[in-house]
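I opened this model to look up a few local features and to note what I found. The entries below follow the order in which I checked them.

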Amino acid sequence: MSVLDDIVAGVREDLAARQSEVSVADLRAQLADAPAPRDPMPHFRRPGSSVIAEVKRRSPSKGDLADIPDPAALATEYAAGGAAAISVLTEQRRFGGSLNDLRAVRAAVDTPILRKDFIVGDYQLLEARAAGADLVLLMASVLGDDDLRRLFDVATELGLTSLVEVHDEAETERAVALGAELIGVNARNLKTLAVDNDTFGRLAPLVPSDRVLVAESGISGPTDVKRFVAEGARVVLVGEALVKDGAPREAVAAMTGVEA
Ligand SMILES: O=C(O)c1ccccc1NCC(=O)[C@H](O)[C@H](O)COP(=O)(O)O
């Protein structure tokens with residue numbers, strides 16, 4: 001079993017437990033009070049790099065990264081630094097996140113929020129919206145064509161923007177065929193956890209220029225951002241480098257607006 005298989009198995013177990021506690025009807029009722037989703041695309045399409053800054057406590061590849069006792073305070077720093085969106089990892093077992101983190105961040109900032117999780121069912125999309133998310137991650141490595149299409153359509157109906165994540169040529173072709181406007185190239189192979197910074201440059205030419213490309217994983221500073229912008233990225237998604245930086249506001253600012 002790969003690391004990814006193990007993560008997804010745990011996600012399915014935790015999801016089943018939550019589904020037994022809160023019905024779909026109750027979740028839908030909560031949506032009535034949720035604020036309208038924010039559209040991140042106009043910011044992402046601005047000239048120069050946009051940053052999705054991640055709230056990430058730990059990871060399978062690196063173990064403990066940062067305690068983050070107050071995710072809202074960290075998100076406030078990210079927003080002050082000019083983050084175009086904030087990614088909140090809500091997976092609990094391997095990343096130490098939760099939907100409560102997302103709710104806390106939602107209460108603190110007006111910036112679009114990405115629910116970063118291993119989405120396998122419609123229920124998680126409803127949860128994301130009810131907690132105040134504006135974007136969701138859909139991973140081509142986790143979802144077959146039918147599930148990817150259905151979840152993409154349901155997310156769109158809910159007003160959520162889907163970040164469709166790919167890691168190889170076949171996944172990229174599927175994301176393009178789906179019509180995804182926002183495509184993330186993850187440099188991390190989620191089966192081996194190895195990061196290959198050449199992945200983005202290899203896959204970017206397969207994506208039509210009207211789509212918005214996000215470079216994900218292993219980005220440590222403005223020099224990396226400049227490289228990915230030159231290769232076609234409009235957005236970078238950064239976790240580890242920001243949560244370990246003592247000055248996250250300044251670190252986001254330094255990665256924002258970088259030109260090729
Ligand atoms: O980060 C991991 O080790 C990981 C392992 C297995 C599945 C997903 C994983 N990370 C999720 C991400 O995509 C990253 O958190 C995100 O791209 C930021 O990466 P980084 O800047 O390298 O923290």
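**Aromatic pairs**

I searched the whole structure for aromatic pairs and found two. In the one I followed up, F200 and F228 sit edge-to-face, 5.7 Å centre to centre and with 70 degrees between the planes. This pair links distant parts of the chain, with F200 in helix α9 (residues 199-203) and F228 in helix α10 (residues 222-230), 28 residues apart. I should keep in mind that the model is predicted.

Are the two partners buried or exposed? I count F200 as buried because its relative accessibility is 2%. F228 is also buried, at a relative accessible area of 3%.

**Nonpolar core**

I next looked up the largest nonpolar core, which has 89 residues. F44, Y78 and L125 have the most contacts inside it. I took L125 and left aside its neighbours within four places in sequence; its contacts are then I119, V136, L151, V154, A155, L158 and L160. The general background is that nonpolar side chains tend to be buried together in soluble globular proteins.

**Helix α8**

Which residues of α8 (residues 169-178) are buried? I noted E171, T172, A175, V176 and L178. They lie on the same side of α8, because the arc they cover around the axis is only 160 degrees. On the other side of α8, I found E173 and A177 exposed.

I then asked what covers the buried residues of α8. The cover includes α7 (145-157), β7 (161-166), β8 and α9. That brings back α9, the helix that holds F200.

I checked both ends of the helix as well. At the N-terminal end, D168 acts as a cap: one of its side-chain oxygens is 3.3 Å from the backbone nitrogen of A170. After α8 comes G179, with a positive phi near 90 degrees.

**Positive phi outside glycine**

Most residues other than glycine have a negative phi, so I looked for exceptions. I68 is one, with a positive phi of about 45 degrees. I placed I68 in the loop between β3 (63-64) and α4 (71-80). Its relative accessibility is 8%, so I68 counts as buried.

L193 also has a positive phi, near 70 degrees, and is not a glycine. I located L193 in the loop between β8 (182-186) and α9. Both of the elements that flank this loop are also in the cover over the buried residues of α8.

Technical notes
Residues numbered from 1 in each chain as written. Predicted model: local features only at pLDDT ≥ 70, side-chain atom pairs only at ≥ 80, totals over all residues. Heavy atoms only, no water. Phe/Tyr/Trp six-rings, centres within 6.5 Å; stacked < 30°, edge-to-face > 60°. Helix = DSSP H or I, 4+ residues; strand = E, 2+ residues; numbered from the N terminus. Buried < 20%, exposed > 50% of the residue type's maximum accessible area, 1.4 Å probe, protein only. Core = buried A, V, L, I, M, F, W, Y, C linked by side-chain atoms within 4.5 Å. Contact = heavy atoms within 4.5 Å. Arc of directions from axis to C-beta. Polar contact = N/O pair within 3.5 Å; in protein donor to acceptor, adjacent residues only side chain to side chain.
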